[in-house]
Amino acid sequence: MRIKYNAPAVLTFSLLCVLVLYLSQTILPKLIFWFMVQGRSTFNAGNFSHWISILTHTLGHGSWTHLISNMIFILVIGPMLEENYGSVSLFIMIIITALVTGVLNILFFPNPLMGASGVVFMMILLSSFTNFTRGEIPLTFIFVLILFMGEQIIRILSSENSNISYFAHIVGGLCGSFFGFFNTGLKNSSRRNGG
């Protein structure tokens with residue numbers, strides 16, 4: 001038996017997250033600023049790293065606990081999604097989710113944002129569409145939407161733990177819902193093309 005790099009998009013994303021956290025906590029502490037998107041009050045359009053971090057903030061994490069809590073979901077759900085949608089399609093979904101959460105954070109929220117929790121919620125909602133047929137709404141999607149998104153809305157309203165961006169969770173979930181509803185053709189073509 002041999003070890004297989006079975007989900008290249010998910011594994012590469014996860015390994016990059018580990019590498020960024022390791023380097024930022026050891027020999028390159030200032031590296032983390034390239035992986036933290038600024039908020040409305042701190043974004044500087046003249047700072048190149050602020051633009052780059054709109055995409056890279058999903059690779060940055062504040063601690064090993066933060067990283068592990070995100071990676072558990074990504075490594076459990078991601079390979080199934082990658083097999084279902086293809087590596088390239090899933091990678092594009094991760095990039096779009098990072099871009100949307102990054103831009104919205106700059107426009108509407110004062111605090112910096114880092115971490116892959118938006119990607120996690122994108123994958124959670126997207127996973128409820130794995131057996132989706134056009135013209136149907138999966139009951140699993142409705143339950144997941146109510147449970148996961150409802151919990152985030154309740155936490156926002158209760159102002160529980162202001163260090164967590166429940167907004168990024170909700171936006172990630174909305175991205176996953178959008179991808180699930182509109183990617184049936186992409187999923188089927190990915191299977192035909194092996195990608």
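## The nonpolar core

In this predicted model, the largest nonpolar core gathers 42 residues. Those with the most contacts inside this core are Phe13, Ile74, Leu90, Val119, Met122, Met123 and Leu126. Six helices each supply at least two of the core residues: H1 (8-25), H3 (64-85), H4 (87-108), H5 (117-127), H6 (139-158) and H7 (166-182). The most generous contributor is H5, which gives eight residues.

Met123 is a good place to start a tour of the contacts. Leaving aside residues up to four places away in sequence, Met123 touches Val10, Ile74, Ile77, Gly78, Leu81, Leu90 and Ile94. As general background, nonpolar side chains tend to be buried together in soluble globular proteins.

## Helix H5, enclosed by its neighbours

How many of the 11 residues of H5 are buried? The count is 10, so H5 is largely enclosed by the rest of the structure. The buried set is made up of Ser117, Gly118, Val119, Val120, Phe121, Met122, Met123, Ile124, Leu125 and Leu126. Against which helices do they pack? The partners of the buried H5 residues are H1, H3, H4, H6 and H7.

## The overall fold

The chain has eight helices and zero strands, so a reader walking from the N terminus meets the pattern α-α-α-α-α-α-α-α. Of its 195 residues, 44% are buried. Contacts reach well along the sequence: taking pairs at least 6 residues apart, 76% of the contacts join residues at least 24 apart.

## Helices H3 and H4

H3 contains 22 residues and spans 29 Å between its first and last C-alpha, close to the 32 Å expected at 1.5 Å a residue. H3 also bends, by about 35° at Gly78, and the proline Pro79 follows within four residues. The buried residues of H3 are Leu67, Asn70, Met71, Ile74, Ile77, Gly78, Leu81, Glu82, Asn84 and Tyr85; Gly78, the site of the bend, is thus on that list. Just after this helix, Gly86 adopts a positive phi of about 100°.

H4 has 22 residues too, and its end-to-end C-alpha reach is 32 Å, close to the 32 Å expected at 1.5 Å a residue. Its buried residues are Ser89, Leu90, Met93, Ile94, Thr97, Ala98, Thr101, Gly102, Asn105 and Ile106. Ile92 belongs to H4 as well, but is partly exposed because its relative accessible area is 44%, which lies between the 20% and 50% cut-offs. In space, the C-alpha of Ile92 sits 9.7 Å from that of Ala9, with their positions 83 residues apart in sequence.

## Two more buried positions

Helix H2 (residues 48-56) holds Ile54. Why is Ile54 classed as buried? Its relative accessible area is 8%, and the cut-off is under 20%. Beyond residues up to four places away in sequence, Ile54 touches Val37, Phe43, Ala98, Leu99, Gly102, Val103 and Ile106. The C-alpha atoms of Ile54 and Val37 are 5.4 Å apart, although the two residues are 17 apart along the chain. Among the other contacts of Ile54, Ala98, Gly102 and Ile106 are buried residues of H4.

Gly180 is placed in helix H7 and counts as buried because its relative accessibility is 2%. Its C-alpha lies 8.0 Å from that of Ser127, a residue 53 places away along the chain.

## Cysteines

How many disulfides does the model contain? The count is zero. A disulfide, in general, is a covalent bond between the sulfur atoms of two cysteines. Cys17 counts as buried because its relative accessibility is 0%, and Cys175 also counts as buried, at 9%.

## Where to trust the model

The mean pLDDT of the chain is 87, with 88% of residues reaching 70 or more. Which elements mark the two ends of the confidence range? H1 has the highest mean, 97, while helix H8 (residues 184-193) has the lowest, 48. Over residues 188-194 the pLDDT is below 50, and beyond near neighbours in sequence this stretch makes five contacts in the model. A friendly reminder for anyone planning to use the coordinates: where pLDDT is low, they should not be read in detail.

Note on methods: Residues are numbered from 1 along each chain as its sequence is written. This is a predicted model: local features need pLDDT of at least 70, side-chain atom pairs count only at pLDDT 80 or more; totals for chains, interfaces and linings use all residues. Side-chain values use heavy atoms; hydrogens and water are left out. A nonpolar core is a set of buried Ala, Val, Leu, Ile, Met, Phe, Trp, Tyr and Cys residues joined through side-chain atoms within 4.5 Å. Buried means under 20% relative accessible area, exposed over 50%, partly exposed in between (1.4 Å probe, protein chains only). Contact means heavy atoms within 4.5 Å. pLDDT is the predictor's confidence in each residue, from 0 to 100. The expected span of a helix is 1.5 Å times one less than its number of residues. The bend at a residue is the angle between axes fitted to the seven residues ending there and the seven starting there. A disulfide is a pair of cysteine sulfur atoms within 2.5 Å.
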